[in-house]
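Here's a quick walk through this model, from confidence to strands, cores and rings. Have the sequence and the structure open as you read.

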Amino acid sequence: MKGKKKTMTQNDDEGAPSPSEKLPSPVVSDYDSESDSDYEVAPRNTIGDVPLKWYEDEPHIGYDIKGKKIKKKEKQDKLDSFLANVDDSKNWRKIYDEYNDETIELTKDEIKLVRRLLKNRAPHPDFDPYQDYVDWFKWDDAKHPLSNAPEPKRRFIPSKWEAKKVVKYVRAIRNGYNPFDKPKEEDGPYLLWGDDSGSTEKANYLSYIPAPKQKLPGHDESYNPPLEYIPTQEEINAYQLMFEEDRPKFIPKRFTSMRSIPAYENAMKDCFERCLDLYLCPRVRKKRLNIDPESLKPKLPSRKELKPYPITCYIEYKGHEDAVTSISVEASGQWMASGSSDGTVRIWEVETGRCLKRWEVGEAVNCVAWNPLPDIHILAVCVGQDVLLLNTCLGDEEEQKCIKELLWVDSTIASDDSGNKAPSVSWLKDDKHMGLRLRHFKTVTALEWHRKGDYFSTSFELLIHQLSKKLTQKLPFKLHGLAVRSTFHPSRSIFFVCTKQSVRVYDLLKTKIIKKLDTGLREASSIAVHPGGDNLIVGSKEGKMCWFDMDLSSKPYKILKCHPKDINNVIFHRSYPLFASCSDDCTAYVFHGMVYSDLNQNPLIVPLEILRGHTSSNGRGILDCKFHPRQPWLFTAGADKLIKLYCH
């Protein structure tokens, strides 16, 4: 071994051992006392807390105090090391130090120390754990105790803090937050060689599939059966005429001795079928699940918790002589307007059902829409290619004066804000009905007001009109398809255009498209925007209704298949979480549609009620439906000439 020779003196013996040496001081002193000659000091490892597994693939085990590598010693063969240990009488004292890659022999004192530790005694033999107590305080000439304070009150009163802790733990246990560990059930006795096919299967193990038991052989399968078991030639011929399923699998034969039995004919075939059965055998036994069908239904709130919503018919408005095509409720909820195919427009008092006013327009009315402002009592009526703006003569003198100013137009003006030479819409004065007439070049099927009451849009030819300035402008966007319906955003300058297969969202200020919503429907028929503005519903002529969450995706969030026939209109309530749809099947569906302010929570859609009462006429049912602006009431207009009010 390479290294400097050093003679151990009394000064070296008194010096403290280094931390890297994992030997206590008695080991060094005993070794010095027993050794009479000089020895080579082994290099000590100085890698510190570095794990030794980092040096597994290296030829060295660490570095000494001078920075030199400490080479690993060659490991002996296990057989050689075993034989060497057998011959060594002090082998039981030796331990292997992985840190320094060396073998250390324990001294007698170290062995005694280890034995005392194993017996839970003090390491030092002179230590007495039961020595007499030494009183460190001098009690001589002491007149008073250390403290003469009275006992505090908290030592005699139960702790409030501990009581709160106990109550907290009790509540946690009751609510199941702190479940107790169930005691493990020990496995009981079981049959070692028995058939456990009937025993209960444990969930922690694979399911056991017992092998099929074969029927024990009888006399007919013997090599020398009795004569009554051997079939005759006629019976064998009859077996050949049978179907293979009905034919017996084994025909008994008789042999004089065991040596005369031939080889089995179907040995290879049976072996192949057996292997095929093992290959196709299921690895896991499938258990039948007993699931209650009611548990698969979504958990929806009770209908009683979602009240109020319209349930029963309260009033019927009679007077039209043909199908009522459109209705509209005034902003205060006191008046309702209706248009019919008989060419009349009527105004009704909601609570009494009294007809207040009636106009003869001469053609079938496609749509009626009341101005959303409560102090401007103007009614827009779509008749053929014209839009009539009628003064309902409601309100006080100041309101009527303002209305007449809005409905006044110069007879020489025919405005078109698009800049074309030929105007697309003509603003004309209608002396017969004391209002305005907007003459279009195409049929007007729908009309929607802006929330401020100054703008309104018309479809089939998509135009936006301004009432105060008597101007009309086309949208600066290219429409892909025919515009079925259009509507304004309830709070922002956003415009929705519903075509037959998609909904396009435009920003009117920036004049650009924001989003395109794919409905996936064959033909859309109506659209309604939630008062919050982030959700909308689209009805179709195939009886489906799509709910869109514009913050979520361009695809429908929910598709409701509720009507077997065409949906004519869908509508949201302004203040209640309700929306409804009406169809040609003479029914109106009322839904609960709650939209939460939390963006992580999806809207809640719950079907509430199916309103019936209308009758079919010429294949048409309910043509329009509207909610009351303040109450949870629903108005329905049917092809049976009736208007019905459903209340809660």
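The chain has a mean pLDDT of 83, and 87% of its residues reach 70 or more; pLDDT is the predictor's confidence in each residue, from 0 to 100. This is a predicted model, where local features need pLDDT of at least 70, side-chain atom pairs count only at pLDDT 80 or more, and totals for chains, interfaces and linings use all residues. Residues are numbered from 1 along each chain as its sequence is written, and side-chain values use heavy atoms, with hydrogens and water left out.

Watch out for residues 417-422, where pLDDT stays under 50 and the model has five contacts beyond four places in sequence. Contact here means heavy atoms within 4.5 Å.

Now for some strands. Helices (H or I, at least four residues) and strands (E, at least two) are DSSP runs, numbered from the N terminus, and two strands pair if DSSP finds at least two bridges between them. Strand S27 (residues 544-549) has partners in S26 and S28:

| Partner of S27 | Bridges | Direction | Residue pair |
|---|---|---|---|
| S26 (residues 535-540) | five | antiparallel | Ile537 and Trp547 |
| S28 (residues 558-561) | four | antiparallel | Leu560 and Met545 |

Three residues sit between the strands in the S26 and S27 hairpin, and Gly543 has a positive phi near 85° there. Is S27 mostly covered or uncovered? Mostly covered: five of its six residues are buried, meaning under 20% relative accessible area with a 1.4 Å probe and protein chains only (exposed is over 50%, partly exposed in between).

Next, the cores. A nonpolar core is a set of buried Ala, Val, Leu, Ile, Met, Phe, Trp, Tyr and Cys residues joined through side-chain atoms within 4.5 Å. The largest one has 22 residues, of which Leu389, Trp427 and Leu447 touch the most other members. Its largest share, three residues, comes from S13. Another core, of 16 residues, lies apart from it and includes Ile571 and Leu608.

Finally, the rings. Rings of Phe, Tyr and Trp (its six-membered ring) pair if their centres lie within 6.5 Å; planes under 30 degrees apart count as stacked, over 60 as edge-to-face and the rest as tilted. That gives nine aromatic pairs. Tyr317 and Phe635 are tilted, because their planes stand at 40°, with centres 6.5 Å apart. These two are 318 residues apart, in strands S7 and S34. Phe572 and Phe579 are both buried, and they belong to one aromatic cluster with Trp547, Tyr589 and Phe591.
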